[in-house]
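Me: Have a look at this one with me. What stands out once we go through it piece by piece?

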Amino acid sequence: MREHLDARLASLHSAGRKILVAYLTAGMAPNWTEMLQALAAGGADAIEIGLPFSDPMIDGPVIQRACVRAIAAGTTPQGVLSEVARLDIEVPLAVMTYYNLVFRAGHERMAGMMADAGVTGAIVPDLSLEESGPWCESADRHGIATVMLVAPSTPEERARLICDRSRAFVYAVGLMGVTGERAALAPSATAIGERLGPLTELPVCVGIGVSSPSQASQVSAHADGVIVGSAIVGRILDGAEPDEVAAFTASLRRGLDANARSAGA
Amino acid sequence: MGPPDALGHFGSFGGRFVPESLVRACVELEQAFGSAWQDPRFHESLGEILRSYGGRPTPVTECHRLSERLGVRVLLKREDLAHTGSHKLNNVIGQSLLAARMGKTRLIAETGAGQHGVATATAAALMGMSCVVYMGEVDMARQALNVFRMELLGAEVTAVCSGSRTLKDAVNEALRDWVANLDDTHYCLGSVMGPHPYPWMVREFQRVLGDEAREQCRELLGGADPDWVVACVGGGSNAAGTFAGFASTSARLVGVEAAGGAAMTHGLPGVVHGMRSYLLQDEAGQISEAESISAGLDYPGIGPEHAHLADIGRAVYDQATDAEVLSAFTLLAQTEGIIPALEPAHALAWVVRNAGTTIASGQSVLVTLSGRGDKDVAQVRDLLSGDVGSGQQVAVDPAGVPER
Ligand SMILES: Cc1ncc(COP(=O)(O)O)c(C=O)c1O
């Protein structure tokens, strides 16, 4: 039985484990569901399944390319969710989607489809706090945890409001920019972890610009977990097989665990 | 047409649907615009530049021969006579002054046909700012001369190779640049679209053309307002500026989209580029491409205030086909000696189609001639001569417009 995102992360968090959330664009490769299994096998604590969108505004070239491929392959939100419903996978699943796909489907209908598919979290990066009300109500009703984002540019008071509205974890945006691998970790990635920790009981996970085991390790000294997307998607675009994806995920896992031990010591 | 609500809504449209990283930048821009727009000194500098540099006020021309031909009284607001050849400069001068006031030193813009890119490059040169224009790879090939114009003006033109490689993707790319360079960069958005405050701010910067036109029409019409006010709609900035000047009159307002990009006619409500409006999209919500002979109207959405004006019935929106547009283009050239841009030729085409029917004989019509056609003559030559190099051949018969 797949555990709920909220419950699973809360228990990991209280046990002191650093959280690894792995992202994958649905439909980007014919074997994308095998890739989900590989991410789980490699030690991801939760998986974010990206619904491909024609205009992925906050994504860099790698995820853009994955979206183009997935859409060209005929991937639709409904198709993705019905495949996910059939998956035998234990880690909690969240859907990451641009808002138009939710809006077009209808809030209630999309939340219902997610719930039916066993998805328990949603991340909608272009849905600002001000506009989030109707979706959040539907999501709450269907037991979908809506994860909200806080950016380095977010003022204190607003960050508090966003943390209050967030469920399961708080998505701390690591840098001012689009998704994608960076050679070095931005100072903002560690700073935002420190800043948000005191504002919320939820685990704070840092994403965007976190791509290597050592970056994951560095960030996790200042936050409760990391979200890694482009590094995984990029490898799959470059032809990585599921076992290679699992191995890469395991290397991220080790980066985090090393830190958890040293931090806990 | 007043300001939107506090969250940037025009009725159920508009808003601010942006990643959290961009929210603060939008809030700062909203505050900066709000205070500048209350500041008489800002209006003074803006008015001065538009006058001494931009060529404002532009005239309203009464089209005697065309009027006789159509049986309705046609007046043109001549934005083709503004510097850089279109209404786009009004917005760009406003935004670049605002950017300077906010301490920004770099302008970025998206462009489709290149007109807004040229205007932004022009303003950047005037203000001593650096400038990067994002343009779809496909559009760069179609509008090579405008690419060179922007480069001559000192701008860097960056090809957008993502998505459909056209205008909508250029908007995404400009937003991506902006989020990474907020400290020194202002995103000079080219139409009444995008997240709050853009639709409101751009409409206010374009209002000058509608305000001028209203007074000019009253002079020509013995104190009366025109029966009809017609403008083409891509994102909808020249139409919004025009309508702002006439919304409180009894004039009937008509926006004309390209048949291949008619978001209002064929679109559904949706959210992209930071706003809720009508969008061309598939069933799941993937945004489609617009396609017409006029690159400047090839935008799959429409500004949110237009969606609202349609909703409340204050304006109506219709479309014109490529063939009608070519006909109207040549008709204006041959009856009035004015070569319009293909974009406002859509507005003219609507007037030609409806003169004597929807527009009763003898009624007056103001058409916003949003730009001049120099940029389009090569394409039109190819279309008329059957050279399919830049598109399909379209049957056109300027003489086929019925005499009345
Ligand atoms: C001359 C002209 N008119 C109209 C438009 C369409 O823009 P809008 O609908 O914002 O006025 C363009 C865009 O490039 C243009 O160049």
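Me: A cavity is a set of points on a 1 Å grid over the protein atoms alone where a 1.4 Å probe fits but cannot get out, and a molecule sits in it if more than half of its atoms lie within 2 Å of its grid points. Where does the ligand sit?
Reply: Keep in mind that this is a predicted model: local features need pLDDT of at least 70, side-chain atom pairs need 80 or more, and totals for chains, interfaces and linings use all residues. Residues count from 1 along each chain, chains are lettered from A and ligands numbered from 1 as written, and side-chain values use heavy atoms, without hydrogens or water. As for the ligand, its place is the largest cavity.

Me: Which residue puts a polar side-chain atom 2.6 Å from a nitrogen atom of the ligand?
Reply: Among the 17 residues around the ligand (a heavy atom within 4 Å), Ser191(B), Gly234(B), Gly236(B), Ser237(B) and Ser370(B) come nearest. The side chain of His87(B) has a polar atom 3.0 Å from a ligand oxygen, and a polar backbone atom of Gly235(B) is 3.3 Å from an oxygen of the ligand. The 2.6 Å pair with a ligand nitrogen belongs to the side chain of Ser370(B).

Me: How much of the ligand does the protein bury?
Reply: Start from the contacts: one is that 2.6 Å pair between Ser370(B) and a nitrogen atom of the ligand. On its own the ligand exposes 390 Å² (Shrake-Rupley, 1.4 Å probe), and the share the protein buries is 97%.

Me: How far apart are the end C-alpha atoms of helix 4 of chain B?
Reply: Helices here are DSSP runs of H or I, at least four residues, and strands are runs of E, at least two. Helix 4 of chain B has twelve of its 14 residues buried (under 20% relative accessible area; exposed is over 50%, partly exposed in between), so it's mostly covered. Because 14 residues at 1.5 Å each (one less than the count is used) should span 20 Å, the helix agrees with its end-to-end distance, 20 Å.

Me: Is Ala168(A) buried or exposed?
Reply: Ala168(A) lies in the loop between helix 8 and strand 7 of chain A. Its phi is positive, near 75°, though it isn't glycine. With a relative accessible area of 2%, Ala168(A) is buried.

Me: What is omega for the cis peptide bond joining His196(B) and Pro197(B)?
Reply: Pro197(B) is in the loop between strand 8 and helix 9 of chain B. The bond from His196(B) is cis, with omega at about 15°.

Technical notes. Buried means under 20% relative accessible area, exposed over 50%, partly exposed in between (1.4 Å probe, protein chains only). A polar contact is a pair of N or O atoms within 3.5 Å; within protein, one must be able to donate a hydrogen and the other to accept it, and residues adjacent in sequence count only if both atoms are side-chain atoms. On a 1 Å grid over the protein atoms alone, a cavity is a set of points where a 1.4 Å probe fits but cannot get out, and a pocket is an open set with protein on both sides within 12 Å along at least five of seven lines; lining residues have an atom within 4 Å of a point.
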